[in-house]
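Dear colleague,

I am passing on to you the structure shown here. Please look through it first, and then read the notes beneath it.

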Amino acid sequence: MSAIKDYYTIKLHDTDAAGILFFANQLRIVHDVYERFLATIGFPFVEMFEKKEFFIPIVHAETDYTQMLTDGDTVEIELVVSEIGKTSFTLEYRLTNLDGIVVGTAKTVHVTIDPVKKQKMDIPEKLRTGLENYLGK
């Protein structure tokens, strides 16, 4: 496996006064895919927050918009793990409309943090293994 795919239909509350996708909502949409991805590889947020073995905050995020999206447009979101380091990993997202045209991209960098020491820690082996299953470009 090298990618996980999901779909999302733009809703009225996702748009701005001009009727197009509000810029911050693209990050929210890909974050929803990220949360489902973590659950798929064995790390649902609820359990992570209960166990508190480690946290994985986003330390960098970027998005590009290549075509307008409006209420009712459906996009396929593809998530790929593009890099895995010692303490961090990078996810890349591609949003494609139903005609197969890329309408946006996003990238997030996550760092594993020890919740007690509040410092970077090595990526836990189970998480690393889950990420490696989706490593690709």
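The notes below describe what was found, beginning with confidence and then moving through contacts, backbone and surface.

**Confidence**

Please bear in mind that this is a predicted model. The mean pLDDT of the protein chain is 94, and 99% of the residues score at least 70. Among the elements, strand S5 (residues 102–111) has the highest mean pLDDT, at 98, whereas H2 has the lowest, at 81. Where pLDDT is low, the predicted coordinates should not be read in detail.

**Salt bridges**

Side chains of opposite charge can pair when their charged atoms come close. The count of salt bridges in this model is 7. Three of them are described here, including two formed by Arg28.

One partner of Arg28 is Asp14, with the closest N and O atoms 2.2 Å apart. Arg28 belongs to helix H1 (residues 23–40), while Asp14 sits in the loop between strand S1 (4–9) and H1, so this salt bridge ties together parts that are 14 residues apart in sequence. As for their surroundings, Arg28 is partly exposed, at 29% relative accessibility, and Asp14 is buried, at 0%.

Another partner of Arg28 is Asp32, and here the closest N and O atoms are 3.8 Å apart. Arg28 and Asp32 both lie in helix H1, where a spacing of 4 residues separates them by about one helical turn. Asp32 has a relative accessibility of 25% and therefore counts as partly exposed.

A further salt bridge joins the side chains of Arg94 and Glu78, at 2.9 Å from N to O. Because Arg94 is in strand S4 (residues 88–97) and Glu78 in strand S3 (residues 74–84), the pair ties together parts that are 16 residues apart in sequence. Arg94 is partly exposed, with 38% relative accessibility; Glu78, with a relative accessible area of 14%, is buried. Through shared partners, salt bridges join Lys5, Glu78 and Arg94 into one network.

**Aromatic contacts**

The model contains 4 aromatic pairs. In one of them, the ring centres of Tyr34 and Phe45 are 5.9 Å apart and the planes stand at 80°; the pair is edge-to-face because that angle is over 60 degrees. Tyr34 is in helix H1 and Phe45 in helix H2 (residues 45–51), so that the pair links distant parts of the chain, 11 residues apart. Tyr34 is buried, at a relative accessible area of 2%. Phe45 is buried as well, at 19%, a value that falls under the 20% cut-off.

Phe43 and Phe54 form another pair, with ring centres 5.8 Å apart and planes at 65°, so this pair is also edge-to-face. Phe43 lies in the loop between H1 and H2, and Phe54 in the loop between H2 and strand S2 (58–65); the pair thus links distant parts of the chain, 11 residues apart. Both residues, Phe43 and Phe54, are buried.

Two lysines are placed over aromatic rings. Lys126 lies over the face of Phe43, at 5.2 Å from the ring centre. Lys11 lies over the face of Tyr8, and its distance from the ring centre is 4.2 Å.

**Backbone**

Most residues other than glycine have a negative phi. Which values does phi take at Lys52 and at Lys118? For Lys52, phi is near 55°, a positive value in a residue that is not glycine. Lys52 is located in the loop between H2 and S2. For Lys118, also not a glycine, phi is positive at about 60°. Lys118 is found in the loop between strand S6 (113–114) and strand S7 (119–120). Its relative accessible area is 64%, so Lys118 counts as exposed.

**Surface**

Phe22, Phe23 and Tyr65 make a nonpolar surface patch of about 310 Å². Of these residues, Phe23 is placed in helix H1. Phe23 has 53% relative accessibility and therefore counts as exposed, the cut-off being over 50%.

**Helix H1 in brief**

Several of these findings meet in helix H1. It holds Arg28 with its salt-bridge partner Asp32, the buried Tyr34 and the exposed Phe23.

With kind regards

Conventions. Residues are numbered from 1 along each chain as its sequence is written. Side-chain values use heavy atoms; hydrogens and water are left out. A salt bridge is a side-chain nitrogen of Lys or Arg within 4 Å of a carboxyl oxygen of Asp or Glu. Helices (H or I, at least four residues) and strands (E, at least two) are DSSP runs, numbered from the N terminus. Buried means under 20% relative accessible area, exposed over 50%, partly exposed in between (1.4 Å probe, protein chains only). Rings of Phe, Tyr and Trp (its six-membered ring) pair if their centres lie within 6.5 Å; planes under 30 degrees apart count as stacked, over 60 as edge-to-face and the rest as tilted. A charge sits over a ring if NZ of Lys or CZ of Arg is within 6 Å of the ring centre and within 35 degrees of the ring normal. pLDDT is the predictor's confidence in each residue, from 0 to 100. Patches are made of residues with over 30% relative accessible area and no salt bridge: like charges are joined within 9 Å, nonpolar side chains (Val, Leu, Ile, Met, Phe, Trp, Tyr) within 5 Å. Accessible areas come from the Shrake-Rupley method with a 1.4 Å probe; for residues, only the protein chains shown count as cover.
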